[in-house]
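Work through the following exercises with the structure open beside you, and try each task before reading its solution.

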Amino acid sequence: MRIVIAGGHGQIALRLERLLAARDDEVAGIIRKAEQADDLRAAGAEPVVLDLESASVEEVAERLRGADAAVFAAGSGPGSGAARKDTVDKAAAVLFADAAVRAGVRRFLIVSSMGADPRHQGDDVFDVYLRAKGEADAYVSSLNALAWTILRPGALTDDAGTGLVRLEAHTGRGPVPRDDVAAVLAELVDTPAASGLALELISGSTPASVAVKSVAGN
């Protein structure tokens with residue numbers, strides 16, 4: 001498979017790139033800064049320098065043509081203000097989804113957040129973030145041309161992954177290592193039977209591959 005990942009230098013994305021490259025998938029990661037390219041190459045991914053906050057739909061679609069799947073794993077980051085929640089967490093996700101449709105890429109994964117809700121109330125930065133994520137999820141799920149899956153991890157940690165997760169429509173809150181988020185994404189990429197699902201993810205007792213097969217009805 002050829003998989004293109006938006007936010008290719010993110011902590012989850014780099015882990016996912018390593019997993020996909022290790023199984024001989026062809027991986028490209030979209031990054032904003034050329035100096036991040038060596039980190040992607042080290043992970044086994046092709047770096048693609050493109051700023052999703054200023055690129056056109058056609059520019060992004062050009063990078064997506066020929067891909068079997070697209071993964072939106074970009075994020076504004078915890079230190080950013082409310083404005084970038086809208087330009088990255090919402091607008092860039094919408095742009096990437098529109099570009100996938102234009103490029104004819106069916107399989108589409110979006111890394112969201114537990115608690116994402118387009119109707120979330122409040123004006124604090126985290127409130128704006130959850131609303132932006134929710135609005136992006138709602139837009140992606142409205143696109144019939146995409147075989148989409150929305151993944152909403154719990155509290156992210158840098159603990160070593162165990163490979164054991166709980167993956168359901170509603171799990172309740174809990175932590176999950178970034179390693180295990182990447183492992184679940186790697187399974188979801190080539191599980192089109194999981195399309196049309198919004199899933200929450202926390203640590204649990206089920207191997208990632210089994211958890212994905214279960215939600216996909218296998």
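**Exercise 1. Find the residues that Asp137 touches beyond its neighbours within four places in sequence, and decide whether Asp137 is buried or exposed.**

Solution. Begin with the contacts in this predicted model: once the neighbours within four places in sequence are left aside, Asp137 is in contact with Ile110, Ser112, Ala116, Ile150 and Arg152. Next, place the residue in its element, which is helix α5, covering residues 125-141. Then consider the relative accessible area of Asp137, which is 1%; because buried means under 20%, Asp137 counts as buried. Finally, look at Arg152 in more detail, where a polar contact of 3.0 Å joins its side chain to that of Asp137.

**Exercise 2. Determine in which sense strand β10 pairs with β6 and in which sense it pairs with β8.**

Solution. Take β6 (residues 147-153) to start with, and follow it alongside β10 (residues 197-203): these two strands pair in the parallel sense, over 5 bridges. Within this pairing, Ile150 stands opposite Ala198 of β10, and Ile150 is also one of the residues in contact with Asp137. Now turn to β8 (residues 164-168), which pairs with β10 in the antiparallel sense over 4 bridges. Here the residue of β10 that stands opposite Leu167 is Leu201.

**Exercise 3. Describe how β2 and β3 are joined, and state the handedness of the unit that they make with helix α2.**

Solution. First compare the directions of β2 (residues 26-31) and β3 (residues 46-49), which run parallel and are joined by 4 bridges. As an example of a bridge, Ile30 has Val48 in β3 as its partner. Then add helix α2, residues 37-42, and the β-α-β unit formed by β2, α2 and β3 turns out to be right-handed.

**Exercise 4. Characterise the surroundings of Arg63 and say how far its exposure goes.**

Solution. Locate Arg63 in helix α3, which covers residues 57-64. Its relative accessible area is 31%, and Arg63 is therefore partly exposed, since that class lies between the limits of 20% and 50%. Leaving aside neighbours within four places in sequence, its contacts are Arg2, Val4, Val48, Val49 and Leu50, and Val48 is the bridge partner of Ile30 met in the previous exercise. The side chain of Arg63 also reaches the backbone oxygen of Glu59, at 2.9 Å.

**Exercise 5. Work out how many residues of helix α6 are buried.**

Solution. Helix α6 spans residues 178-189 and has 12 residues. Of these 12 residues, 9 are buried, and the helix is mostly covered; among the buried ones are Arg178, Asp180, Val184 and Leu188.

Terms used
Residues are numbered from 1 along each chain as its sequence is written. This is a predicted model: local features need pLDDT of at least 70, side-chain atom pairs count only at pLDDT 80 or more; totals for chains, interfaces and linings use all residues. Side-chain values use heavy atoms; hydrogens and water are left out. The expected span of a helix is 1.5 Å times one less than its number of residues. Buried means under 20% relative accessible area, exposed over 50%, partly exposed in between (1.4 Å probe, protein chains only). Contact means heavy atoms within 4.5 Å. A polar contact is a pair of N or O atoms within 3.5 Å; within protein, one must be able to donate a hydrogen and the other to accept it, and residues adjacent in sequence count only if both atoms are side-chain atoms. Two strands pair if DSSP finds at least two bridges between them. A crossover is right-handed if, with the strands pointing away from the viewer, the path from the first strand over the helix to the second runs clockwise.
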